Amino acid sequence: MTDALPLSTTTGSPDRQSTGAPPRAAGAGLFLRRWLANPLQMGSVVPSSPSLCRRIAALTRWAPGEYVVELGAGTGVLSRTLLEQGLPADRLLPVEIVPAMATHLRATLPGVPVIEGDAFDLRGALPEAARGRIGTVICGIPLVLLPLERQRRFLESVEAVAPGRGFLLYTYCITSPLPWRKLGLSARREAWTPRNFPPASVWRYAPA
């Protein structure tokens, strides 16, 4: 199999107009409304910054025939960065549990198979063709706020579709947001950006 490459080094970046990027105000307004409705589900009052999105994209790996799964895709700011960095639209699988946001993603990300589903049941949410063929799982869900058993359920969900791959988690915690030893994980902080509000880190977790 061809070695997986970071998105920043892949070719065939789609035309920017084909990503259907919406006006920033529309996406930000939807994000704020969802945050007001359920702040614990969103984790932040504003979408991720371009700086953070570029950091995540640079850490994303995928090989020909593989998919990238984005959990908690929100209004699609990271999705658009991944597309701009060369990920084919049909290889991006954004998973969003909020119906209004899933509808927004479908309207603004042409060609991307947006999934309205639960990140804690990826076996049921993802198409069968993607299972075992995932290069990177990216998580924007505030896992730090969840009890340990719920965190374990999340790990089981990821392992069911991407065995041994682990996941990237972006977070606003200074230290690891997950008790990785208790969860049987290895952990490494891959990036930190003070240019996000609030400042953010990207952690890579994998089965130990």
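1. Leu143 and its partners. In this predicted model, Leu143 is in contact with Phe120, Gln151, Phe154, Phe167, Leu169 and Leu178, leaving aside its neighbours within four places in sequence. Leu143 is also among the residues with the most contacts inside the largest nonpolar core. The others named there are Leu71, Leu126, Phe154 and Phe167.

2. The main core. This core has 29 residues. Elements giving two or more residues to it are β3 (67-71), β4 (92-96), α6 (122-125), β6 (134-139), α7 (148-161), β7 (167-171) and β9. Helix α7 provides the largest share, 4 residues. In soluble globular proteins, nonpolar side chains tend to be buried together.

3. A second core. Apart from the main one there is a separate core of 24 residues. Among its members are Leu82, Leu92, Ala102 and Ile138.

4. Aromatic pairs. The structure holds 4 of them. Phe154 and Phe167 form one, with an edge-to-face geometry. Their centres are 5.2 Å apart, and the planes stand at 80° to each other. This pair links distant parts of the chain. Phe154 sits in helix α7 and Phe167 in strand β7, 13 residues apart. Phe154 and Phe167 are both buried.

5. The ring cluster. Which residues do ring pairs link into a cluster? They are Phe120, Phe154, Phe167, Trp203 and Tyr205. Two of these, Phe120 and Phe167, are also contacts of Leu143.

6. Arginines over rings. Arg150 lies over the face of Phe120, a member of that cluster. The distance from the ring centre is 3.8 Å. Elsewhere, Arg91 lies over the face of Tyr67, at 4.4 Å from the ring centre.

7. Helix α4. Is this helix largely enclosed or largely open? It is largely enclosed by the rest of the structure, because 6 of its 8 residues are buried. The buried residues are Leu78, Ser79, Arg80, Thr81, Leu82 and Leu83. Note that Arg80 is in this list. The cover over them includes α3 (50-59), β3, β4, α5 (99-108), β6 and β7. Leu82 also belongs to the second core. Just after α4, Gly86 takes a positive phi of about 115°.

8. Ser79. This residue lies in helix α4, which spans residues 77-84. Its relative accessible area is 0%, so Ser79 counts as buried. Not counting residues up to four places away in sequence, Ser79 touches Glu70, Ala73, Leu92, Pro94 and Leu109. Leu92 is among the members of the second core as well.

9. The sheet. Seven strands make an open sheet with mixed pairing. What is the strand order? It runs β5-β4-β3-β6-β7-β9-β8. The edge strands are β5 (115-116) and β8, and each pairs on one side only. As a general point, side chains in a regular strand alternate between the two faces of the sheet.

10. The β8-β9 hairpin. Strand β8 (residues 185-193) and strand β9 (residues 200-207) pair in the antiparallel sense over 8 bridges. They form a hairpin with 6 residues between them. For the register, Trp192 stands opposite Ser201 in β9. Leu185 stands opposite Pro207 in β9. Strand β8 is an edge strand of the sheet, while β9 gives two or more residues to the main core.

11. Cysteines. How many disulfides does the model contain? The count is 0. Cys53 is buried, because its relative accessible area is 2%. Cys139 is also buried, with relative accessibility at 0%.

12. Whole chain. The chain has 7 helices and 9 strands. It has 208 residues, and buried residues make up 47% of them. Among contacts with a separation of 6 or more, 68% come from residues 24 or more positions apart.

Definitions and conventions: Residues are numbered from 1 along each chain as its sequence is written. This is a predicted model: local features need pLDDT of at least 70, side-chain atom pairs count only at pLDDT 80 or more; totals for chains, interfaces and linings use all residues. Side-chain values use heavy atoms; hydrogens and water are left out. Buried means under 20% relative accessible area, exposed over 50%, partly exposed in between (1.4 Å probe, protein chains only). Contact means heavy atoms within 4.5 Å. Two strands pair if DSSP finds at least two bridges between them. A nonpolar core is a set of buried Ala, Val, Leu, Ile, Met, Phe, Trp, Tyr and Cys residues joined through side-chain atoms within 4.5 Å. Rings of Phe, Tyr and Trp (its six-membered ring) pair if their centres lie within 6.5 Å; planes under 30 degrees apart count as stacked, over 60 as edge-to-face and the rest as tilted. A charge sits over a ring if NZ of Lys or CZ of Arg is within 6 Å of the ring centre and within 35 degrees of the ring normal. A disulfide is a pair of cysteine sulfur atoms within 2.5 Å.
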